[in-house]
Amino acid sequence: MNKMQLLAELTLQGIHHPQVLAAIKQISRQSFVPEEEQQYAYDNHALPIGHEQTISQPYVVALMTQAILEHHPHKVLEIGTGSGYQAAILSLCVETVYTVERIKPLYEQAKARFAELKLKNVHAFYGDGYEGLAAEAPFDAILVTARAAEVPEALLEQLSPQGCLVMPVGDDYNQELMLVSKQGDQYSYQSLGAVVFVPLQPGIT
Ligand code: SAH
């Protein structure tokens, strides 16, 4: 698939937000996939990026971005930088992006990509995303791009009073992309459908 075919497919899949479509059009996914996967860069599926991790499927990147944009966030935290692609897409849609990765080589590679592409509003951190990023909290929206059995408490605490969080919740066999909306001290949960993500893992490496 090429970029225009991918955009057409995303539209058919229900991605309608103009900023999301514009960001996917502008950011080269090729810059975020390894040499040996270049020919598949615009295919609508996840691809390996080494260290047993993947760059997410474009549809899922678009869906997560679209879901949080409904809440008009300014300051967004991503857990699981990976290739950096999701953070790059976010950087064109919101004011400031913070992103945390636990695998050092992936963190360093993504940081270099943000610099190369002059994405000055993306701030990359090396650390354990289970803990969020307390020093920069609160966040209007948090995206977690790895799955867990439940939403980590620290992340809910680092949401602003009207904030939202999107994250795959479940196990190896059964995961749903959950949108959590905060209203003061109340949280409401909504499923955005079945997904497949790598697991959120504790600690740093
Ligand atoms: N958003 C990425 C997809 C990355 S896959 C992209 O656009 O390419 C999930 C990523 O989450 C992996 O890089 C993995 O190392 C990272 N991860 C897993 N557990 C984590 C944790 N506790 N803290 C930070 N990153 C974590």
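Let's start inside the fold: strand β3 is mostly covered, with four of its five residues buried. Keep in mind as you explore that this model is predicted.

**Following the strands**

Strand β3 spans residues 75-79, and it pairs with β6 in the parallel sense over four bridges. Strand β3 also pairs with strand β4, which covers residues 96-101, again in the parallel sense but over five bridges. Try finding E78 in the structure, as E78 takes part in both pairings. In β6, its bridge partner is L143, and in β4 its bridge partner is T99.

Now move on to β6. This strand, made of residues 139-144, is mostly covered, and five of its six residues are buried. Strand β6 runs parallel to strand β7 (residues 159-170), and four bridges join the two. One place to look is F139, which stands opposite L159 in β7.

From β7 you can carry on to β8, but the direction changes here: β7 and β8 run antiparallel and are joined by seven bridges. These two strands form a hairpin with four residues between them. Within the pairing, V166 stands opposite L179 in β8.

How many of the residues of strand β8 are buried? Seven of the nine residues in this strand (residues 175-183) are buried, so β8 is largely enclosed by the rest of the structure.

The path then reaches strand β9 (residues 186-194), which pairs with β8 in the antiparallel sense over seven bridges. Here L179 turns up again, with Q190 as its bridge partner in β9. Strands β8 and β9 form a hairpin with two residues between them, and G184 in the turn has a positive phi of about 65 degrees.

Here are the strand pairings side by side:

| Strand pair | Sense | Bridges |
|---|---|---|
| β3 and β4 | parallel | five bridges |
| β3 and β6 | parallel | four bridges |
| β6 and β7 | parallel | four bridges |
| β7 and β8 | antiparallel | seven bridges |
| β8 and β9 | antiparallel | seven bridges |

**A stop at V60**

Let's leave the strands for a helix. V60 lies in helix α3, which covers residues 58-69. Is V60 buried or exposed? V60 has a relative accessible area of 7%, and buried means under 20%, so V60 counts as buried. Setting aside its neighbours within four places in sequence, V60 is in contact with V195 and F197. You can also compare V60 with A8: the two are 52 residues apart in sequence, and their C-alpha atoms are 15 Å apart in space.

**The whole protein**

Time to zoom out. The secondary structure of the protein comes to six helices and nine strands. A compact globule of 205 residues would have a radius of gyration near 17 Å, and the protein has 15 Å, which agrees. Along the principal axes, the C-alpha atoms fill a box of roughly 45 × 35 × 35 Å.

Of the 205 residues, 53% are buried. Among contacts between residues at least 6 apart in sequence, 54% join residues at least 24 apart.

What about the outside? The accessible surface comes to about 9,600 Å², and carbon and sulfur atoms account for 51% of it. The protein has 12 positive and 23 negative charges, and the mean positions of these two groups are 9 Å apart.

Conventions. Residues numbered from 1 in each chain as written. Predicted model: local features only at pLDDT ≥ 70, side-chain atom pairs only at ≥ 80, totals over all residues. Heavy atoms only, no water. Rg over C-alpha atoms; globule rule 2.2 N^0.38 Å. Buried < 20%, exposed > 50% of the residue type's maximum accessible area, 1.4 Å probe, protein only. Contact = heavy atoms within 4.5 Å. Areas by Shrake-Rupley, 256 points an atom, 1.4 Å probe, with all protein chains shown as cover. Lys, Arg positive; Asp, Glu negative; His and termini not counted. Charge placed at Lys NZ, Arg CZ, Asp CG, Glu CD. Pairing = 2+ DSSP bridges.
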